[in-house]
Amino acid sequence: MPNDPLNAFVPYGRTEVAGAADGPLAGLRFAVKDLFHIAGLPTGAGNPDWLRTHEVPRETAPAVQRLLDAGARVAGKTLTDELAWSLAGENAHYGTPENPKAPGRIPGGSSSGSAAAVAGGAVDFAIGTDTGGSVRLPASYCGLYGIRPTHGAVPLDGSVPLASSFDTVGWFAWEAALLRRVGAVLLPPSATLGPDAAFRRLLVAEDAFAIAGEAVRSALAPAVERLRGRFGAADAVTLAPEGLEHWRPVFQTLQAAEAWAAHGAWITETKPTFGPGVRDRFAAAATLDPALARAAAQTREGIRRRMDELLGTDGLIALPSAPGIAPLRGSSGAAVDAERGRALAILCPAGLAGLPQLSIPAARLQGCPLGLSLIGPRGSDSALLAIAEDLFA
């Protein structure tokens, strides 16, 4: 589409929507992942058949409306992986948004267009969704600040779901201060610990760093040391005593069950055309044994308790946001699947436990961005945003 060298925006119209005349975000422009409804604009969810079979929304999603009421202006709706079920950002129908900070490499999905729009300077900030890592991973790949808030802290009404017990509204910004300003609008104060909430213990997730490998550990070491200086010490911890590779299928099983519950009837009736990967995941979800989902739900409760016990009310977990830098565009399916598996093992703890996680553009490796993540207790969203601004701005 014209005036979109990043291929970040949806091809069926880049429509701007004015916000309030004044407010805490007045004068700023933001992009909206094409899962959120905006009154009078179509929602395509990354798939032409979804676009064709759904009416144009008459109401705007509350999260978008909060930003408009705060004075920000919608610059357009951005590309997403199909129904948000991917981490790559390569859409078989609409193409791949550019990664301005790692040319020739993927931006990461499924909030690919939102990340690309911010990284390329087309907007000041953008909103996306994060189910399994779809804000945190693109933030790492594109050198951005990005947050997955406490599950349920920001309303998802008026958006296309994927897996409701994991879905969150997330957002990207170039600067920590702006990420925090957006959070002040989106996060309800009554539901979050304030910026004075005290993190007193730094925990370094050794099993997550082990999955990422020595090159990532070395690149992120200066950022970890900066945190260590703030706390005076750091404790090495293992998030998953049984191995993060055993937590990943718990997440994947529950995600698949919830995704089919959300979209199975539409898929069965419409028989939409999906690209590779997304097609395979929905096909597997259609035949998932409900007993596996029930067992995964029980295991999840133990994972949630484990994470809560590690964090307490004052813990802060540091871990890589991704297992490495952004993969090259057009990588083989096997390579994409392998990287997706490693990424999900690192990303799944916060989602399984419903905890907030913030990705910080902390390093570069082979000339490409690499993020460091911080996980806090549930409700510590504002405190996470504050510590990022204080230490890494």
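**Strand β10, core and pockets**

Colleague: How many residues of strand β10 are buried?
Modeller: This is a predicted model. In it, strand β10 spans residues 368-375 and is mostly covered. Buried here means under 20% relative accessible area. Of its 8 residues, the buried count is 8.

Colleague: Which residues point one way from β10, and which the other way?
Modeller: Both groups are buried. One group holds Cys368, Leu370, Leu372 and Leu374. Pointing the other way are Pro369, Gly371, Ser373 and Ile375.

Colleague: Which residue of β10 does Pro320 stand opposite?
Modeller: Strand β8 covers residues 315-320. β8 and β10 run antiparallel, with 4 bridges joining them. Opposite Pro320 in β10 stands Leu372.

Colleague: What is the bridge partner of Ser359 in β10?
Modeller: Strand β9, residues 357-365, pairs with β10. The sense is antiparallel, over 8 bridges. For Ser359, the partner in β10 is Ser373.

Colleague: Which residue takes a positive phi in the hairpin of β9 and β10?
Modeller: The hairpin has 2 residues between the strands. The positive phi is near 55 degrees. It belongs to Gln366.

Colleague: Which helix gives the largest share of the largest nonpolar core?
Modeller: The core has 100 residues. Val64, Phe125, Trp171 and Leu227 touch the most other members. The largest share is 9 residues, and it comes from residues 333-353, helix α11.

Colleague: How many residues are in the second, separate core?
Modeller: Its members include Ala31, Ala117, Ala119 and Leu144. The count for this second core is 17.

Colleague: Which alanines does Phe125 touch, not counting residues up to four places away in sequence?
Modeller: Contacts of Phe125 include Leu25, Leu28, Phe30, Leu67 and Val118. Arg29 and Phe172 are also among them. The alanines are Ala31, Ala72 and Ala173.

Colleague: Which element gives the most to the lining of the largest pocket?
Modeller: The largest pocket holds about 490 Å³ of space. It has 26 lining residues, and the closest to its centre are Ser86, Ala88, Pro276, Arg281 and Val336. α4 (136-142), α9 (278-286) and α11 each supply at least two residues. With 6 residues, the top contributor is α11.

Colleague: How many charged residues are in the lining of the largest pocket?
Modeller: Split the lining by class. There are 11 nonpolar and 7 polar residues. The charged count is 8.

Colleague: Which element gives the most to the lining of the second largest pocket?
Modeller: This pocket holds about 200 Å³. Its lining includes Trp85, Gln252, Arg281 and Arg340. α8 (244-270) and α9 each supply at least two residues. With 4 residues, the leader is α8.

Colleague: How many charged residues are in the lining of the second largest pocket?
Modeller: Of the lining, 5 residues are nonpolar and 3 are polar. The charged count is 2.

Colleague: Which residues does a cis peptide bond join?
Modeller: Omega is about 5 degrees. One partner sits in the loop between β2 (73-78) and α3 (112-119). The bond joins Gly109 and Ser110.

Colleague: Is Ala84 buried or exposed?
Modeller: Ala84 lies in the loop between β2 and α3. Its phi is positive, about 70 degrees, although it is not a glycine. Its relative accessible area is 5%, under the 20% cut-off, so Ala84 is buried.

Colleague: What is the relative accessible area of Asn7?
Modeller: Asn7 is in the segment before β1 (29-33). Its phi is positive, near 50 degrees. Asn7 is partly exposed, with a relative accessible area of 24%.

Notes. Residues numbered from 1 in each chain as written. Predicted model: local features only at pLDDT ≥ 70, side-chain atom pairs only at ≥ 80, totals over all residues. Heavy atoms only, no water. Core = buried A, V, L, I, M, F, W, Y, C linked by side-chain atoms within 4.5 Å. Buried < 20%, exposed > 50% of the residue type's maximum accessible area, 1.4 Å probe, protein only. Contact = heavy atoms within 4.5 Å. Pairing = 2+ DSSP bridges. 1 Å grid on protein atoms, 1.4 Å probe; cavity = no way out; pocket = protein on both sides within 12 Å on 5 of 7 lines; lining within 4 Å. Points joined across faces, edges and corners; volume = space filled by probe spheres on them. Nonpolar A, V, L, I, M, F, W, Y, C, P; charged D, E, K, R; others polar.
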